[in-house]
Amino acid sequence: HDVFCCLHAKLRPEESFRWVRIAPNLVLSGDEAKYREFCQWVAQQPVDSPEAAAHAAKAILLRPDVADPDPSTLDNLRQRLKESSVSDDFLPWLLTSRALLAIRTQDPATAASLAQRSQALGVQGCGRAMTCSILALAQHKLGDPKSASSALEAAEKLISKSRESVPKKDIHDLLIAEILHQEAIATIGDSTPGS
């Protein structure tokens with residue numbers, strides 16, 4: 001039996017923090033089918049807090065067009081990713097998850113706004129690298145190549161710096177930032193004249 005199937009079968013819904021540790025490893029393994037299966041499992045779990053919703057969003061929306069969650073899952077995430085009931089420390093991370101949801105649901109203006117709000121609240125390190133990559137994707141979709149390139153460059157610098165200092169317990173955040181950054185490079189590079 002597959003190790004990831006066994007692992008997520010043993011996870012309890014209240015362990016949503018583990019979802020963001022598993023998802024980037026599945027993406028990086030290159031096995032899209034296993035990642036899709038894991039995302040389908042996560043989408044079926046109860047998401048009853050902003051924290052669990054942020055974890056679910058980062059797990060199932062890490063790659064575009066792979067998990068393809070149904071509209072009710074996306075609506076539930078949208079509802080649970082509300083700002084009113086989270087700590088000031090968690091708010092930048094919540095906004096980053098909302099920005100990821102917005103970019104995946106083809107709302108680049110909202111994604112850009114949320115990423116910028118997260119940055120204004122002081123998200124640092126890997127979290128800021130995530131927001132920069134999301135912002136690069138959003139600015140690209142909004143037709144602002146200069147801002148997209150600037151955000152992409154900022155993400156690269158933050159990821160490089162984070163590689164040297166990220167605590168082992170937070171390595172999943174670095175992996176997520178790297179995955180989003182690679183997507184932004186591929187997306188922005190693919191549409192550049194002459195590429």
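1. A residue counts as buried when its relative accessible area is under 20%, and as exposed when that area is over 50%. Keep these cut-offs in mind for E178. Its relative accessible area is 19%, so E178 is buried. The model discussed here is a predicted one.

2. Where does E178 sit? It belongs to helix α10, which covers residues 171-190. Leaving aside residues up to four places away in sequence, E178 touches I159 and R163.

3. Now the overall make-up. The protein has 10 helices and 0 strands. Read from the N terminus, the order of elements is α-α-α-α-α-α-α-α-α-α. The radius of gyration is 16 Å, close to the 16 Å that the globule rule gives for 195 residues, so the protein is as compact as a globular protein of that length. Along the principal axes, the C-alpha trace spans about 45 × 40 × 35 Å.

4. Next, burial and contacts across the chain. Of the 195 residues in the protein, 48% are buried. Consider the contacts between residues at least 6 apart in sequence: 65% of them join residues at least 24 apart.

5. Surface and charge can be taken together. The accessible surface of the protein comes to about 9,700 Å². Carbon and sulfur atoms account for 50% of that surface. There are 22 positive and 25 negative side chains. The centres of the two sets lie 3 Å apart.

6. Helix α6 deserves a look of its own. It runs over residues 91-104 and has 14 residues. From its first C-alpha to its last, α6 reaches 20 Å. That is close to the 20 Å expected at 1.5 Å a residue.

7. How many residues of α6 are buried? The count is 12 of its 14, so the helix is mostly covered. Among the buried residues are L91 and P92 at the start of the list, and I103 and R104 at its end. The list also includes T96, S97 and A99. Leucines appear in it as well, including L94, L95, L100 and L101.

8. What follows α6? Q106 does, and its phi is positive. The value is near 60 degrees, in a residue other than glycine. Q106 is in the loop between α6 and α7, the latter covering residues 108-120. Its relative accessible area is 57%, so Q106 is exposed.

9. D65 also has a positive phi, near 60 degrees, and is a residue other than glycine. Which loop holds D65? It is the one between α4 (50-60) and α5 (71-80). Is D65 buried or exposed? With a relative accessible area of 76%, D65 is exposed.

10. One pair links α7 back to α6. A120 is in helix α7. At 68% relative accessibility, A120 counts as exposed. P92 is among the buried residues of α6. How far apart are A120 and P92 in space? Their C-alpha atoms are 8.5 Å apart, although the two are 28 residues apart in sequence.

11. To recap the single residues: E178 is buried at 19% relative accessible area. D65 is exposed at 76%. Q106 is exposed at 57%. A120 is exposed at 68%.

Terms used: Residues numbered from 1 in each chain as written. Predicted model: local features only at pLDDT ≥ 70, side-chain atom pairs only at ≥ 80, totals over all residues. Heavy atoms only, no water. Helix = DSSP H or I, 4+ residues; strand = E, 2+ residues; numbered from the N terminus. Expected span 1.5 Å × (residues − 1). Buried < 20%, exposed > 50% of the residue type's maximum accessible area, 1.4 Å probe, protein only. Rg over C-alpha atoms; globule rule 2.2 N^0.38 Å. Contact = heavy atoms within 4.5 Å. Areas by Shrake-Rupley, 256 points an atom, 1.4 Å probe, with all protein chains shown as cover. Lys, Arg positive; Asp, Glu negative; His and termini not counted. Charge placed at Lys NZ, Arg CZ, Asp CG, Glu CD.
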